[in-house]
Amino acid sequence: MASFLDRDRTVARPGFSRWMVPPAALCIHLCIGQVYAFSVFNLPMTKLIGITQSAAADWKLTDLGWIFSIAIFCLGLSAAIMGRWVEEGGPRRAMFTAALCFGGGFLVSAFGISSHQLWLVYLGYGVLGGIGLGLGYISPVSTLIKWFPDRPGMATGMAIMGFGGGAFVASPLSVWLMKHFSTSTHVGVAETFVVMGVVYLAFMLVGSAIVRVPAPGWQPAGYVAPLTPKKLVTTQDVYVYQALKTPQFWLIWWVLCLNVTAGIGVLGQASAMSQEMFPGRVTPVAAAGFVGLMSLFNMAGRFFWASTSDFIGRKNTYFIFFALGTVLYAAVPYTGAVGNLSLFVLCFLVIISMYGGGFATVPAYLRDMFGTRYVGAIHGWLITAWSAAGILGPVLVNYIRQYQIDSGVPKAQAYNVTMDIMAALLVVGFLCNFMIRSVHERHYMREELLDEVGVA
Amino acid sequence: MREQTAGGTTALHLILAWGFVGIPLAWGVIETVRNALALFG
């Protein structure tokens, strides 16, 4: 079994099509994207004992909120710490481990739910599942970039689009399974977890079986590497821990963090915001539809913007995110003031497409800066920017809104200052992006280090 | 794409692999669009 997982055993034979690799990556990302839909379990898990309504001994929503938080925390931690192991061990070993962790996390949690032991759910979905999320998220990145040197943005965009799309599959599937397993004396969450754990395990194992790395020196037919490298695209590799010492890494860290902060802040508040800015016109039901549309644009933006970056460059792509985002955020209060709901929806759909695009374009940006050898591991460290933004964005939006309301500002205008602050954050992001230059050659991997770690 | 499928990977492999991930994703997207349209309608 160990040899089956080795990097050497995953080297593609002649005739293998590189178009088999994106589905392998999607097998992983479509599954782990389930984390975005975890909230569908929250309410049913508060009624495990009371069934129709929460009993005194039932879990509280505040306690259940920690499951998602622990999972996201472990995602960032494992991606950062295990990134080098993922790169050096190869994608199959990483995907296989991610499958065991993510699928196993569901099964441990199912036992925790059936025995009503919340710590087991924290350990299962939170810790074990979170590690699976982190490993799964970064595992196909460098492999895809190596298979698609001509279109690295499109390749990683496809995989990361799957992460955005995972919730579309998980949400209706979870609801359907809970409905199927529920009885008058039972909510059916534990059984749902068992089924989903087994299905996700199988699905991810298929991905790990399909994935291949290209043979050394392989290039796509007809592809000729540019003789004169582009200004911001290196042909050398930078070691993962050396990359962390470069200003470029931290500038890209802030670029991602600020782009995600702006997006994630409104993503969680979109429903309330649309109803409060257009009172009487947007019902809770319509607001839910608006959130669904935003999720679609979040997913589509990942593929669209990452693919576009192959033609216009990563730096220019982020310039668009920050410049257009600033204009759109600044325009949102105006749409509320003039009561133009269509313009409001359009603004947010474009904003959220750029939020997704930021996630999907960044692996190719890292590849341009630091080469392909350790791009997955470097990407793992960069994901800490996502964790930071996950705290910063919602906190900014929620607290500023509350402060505005407490100060007597009408609810319909309570988001104006928030939007201005988000626009200002994007201006800072624009400046960070502007400051990014090529990595100095002193950071490139030396020959002896290349020999030591091997060249994939 | 075609020039690389002559050896190990056949068109059937590609259809199966893409169908394996594409069908669930398409189902999820259709469900979401249907809900969104119904809600706005």
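User: Before we start, what counts as a contact here?

Analyst: This is a predicted model, and contacts are judged from C-beta atoms placed from the backbone. Two residues are in contact if those atoms lie within 7 Å.

User: Okay, then among contacts in chain A between residues at least 6 apart in sequence, what percentage join residues at least 24 apart?

Analyst: Take the contacts in chain A whose partners sit at least 6 apart in sequence, then keep those with partners at least 24 apart. The share that passes is 82%.

User: How many helices and how many strands does chain A have?

Analyst: Strands are quickly dealt with, as chain A has zero of them. The helix count is 19.

User: What radius of gyration does chain A have, and how does that sit with a compact globule?

Analyst: The C-alpha trace spans about 65 × 50 × 35 Å along its principal axes, and 52% of the 456 residues count as buried. For 456 residues, a compact globule would come out near 23 Å, so the value for chain A agrees. That value is 22 Å.

User: How is chain A divided, and how far apart are the C-alpha centres of domain 1 and domain 2?

Analyst: Domain 1 of chain A runs over 2-210 and domain 2 over 240-443. Their C-alpha centres are separated by 24 Å.

User: Which element gives the largest share of the side of domain 1 of chain A that touches domain 2?

Analyst: Across this boundary, 28 residues of domain 1 of chain A are in contact with 30 residues of domain 2. On the domain 1 side, the elements giving two or more residues are H4, H6, helix H7 (141-147) and H8 of chain A. Eleven residues make up the largest share, and they come from H8(A).

User: And how do the residues on that domain 1 side divide by type?

Analyst: Sorting the residues of domain 1 of chain A that face domain 2 gives three groups. They are 16 nonpolar, eight polar and four charged.

User: Now for the chain partner: which helix supplies the largest share of the side of chain A that touches chain B?

Analyst: Here 27 residues of chain A are in contact with 26 residues of chain B. Helices H2 (21-32), H8 (152-181), H9 (189-210) and H13 (284-312) of chain A each supply at least two residues of that side. By type, the chain A side divides into 19 nonpolar, six polar and two charged. The largest share, eight residues, belongs to H13(A).

User: How does the span of H5(A) compare with what its 24 residues should give, and how many of them are buried?

Analyst: At 1.5 Å a residue, H5(A) should span 34 Å, and its end C-alpha atoms are 34 Å apart, so the two agree. The helix is also mostly covered, and its buried residues number 19 of 24.

User: Which residue with a positive phi follows H5(A)?

Analyst: Look in the loop between helix H5 (91-114) and helix H6 (118-138) of chain A. The residue there has a phi of about 55° although it is not a glycine. The name is His116(A).

User: Is His116(A) buried or partly exposed?

Analyst: The cut-off for buried is 20 or more other C-beta atoms within 10 Å, and for exposed 12 or fewer. His116(A) has 14, so it falls in between: partly exposed.

User: What phi does Ile51(A) have?

Analyst: Ile51(A) is in the loop between helix H3 (42-45) and helix H4 (61-89) of chain A. With 16 other C-beta atoms within 10 Å, Ile51(A) is partly exposed. Ile51(A) is not a glycine, yet its phi is positive, at about 65°.

Conventions: Residues are numbered from 1 along each chain as its sequence is written. Chains are lettered from A and ligands numbered from 1 in the order in which they are written. This is a predicted model: local features need pLDDT of at least 70, side-chain atom pairs count only at pLDDT 80 or more; totals for chains, interfaces and linings use all residues. Helices (H or I, at least four residues) and strands (E, at least two) are DSSP runs, numbered from the N terminus. Ala, Val, Leu, Ile, Met, Phe, Trp, Tyr, Cys and Pro count as nonpolar, Asp, Glu, Lys and Arg as charged, and the others, Gly among them, as polar. Domain bounds come from an automatic or database domain assignment. The expected span of a helix is 1.5 Å times one less than its number of residues. The radius of gyration is taken over C-alpha atoms; the globule rule is 2.2 Å times the number of residues to the power 0.38.
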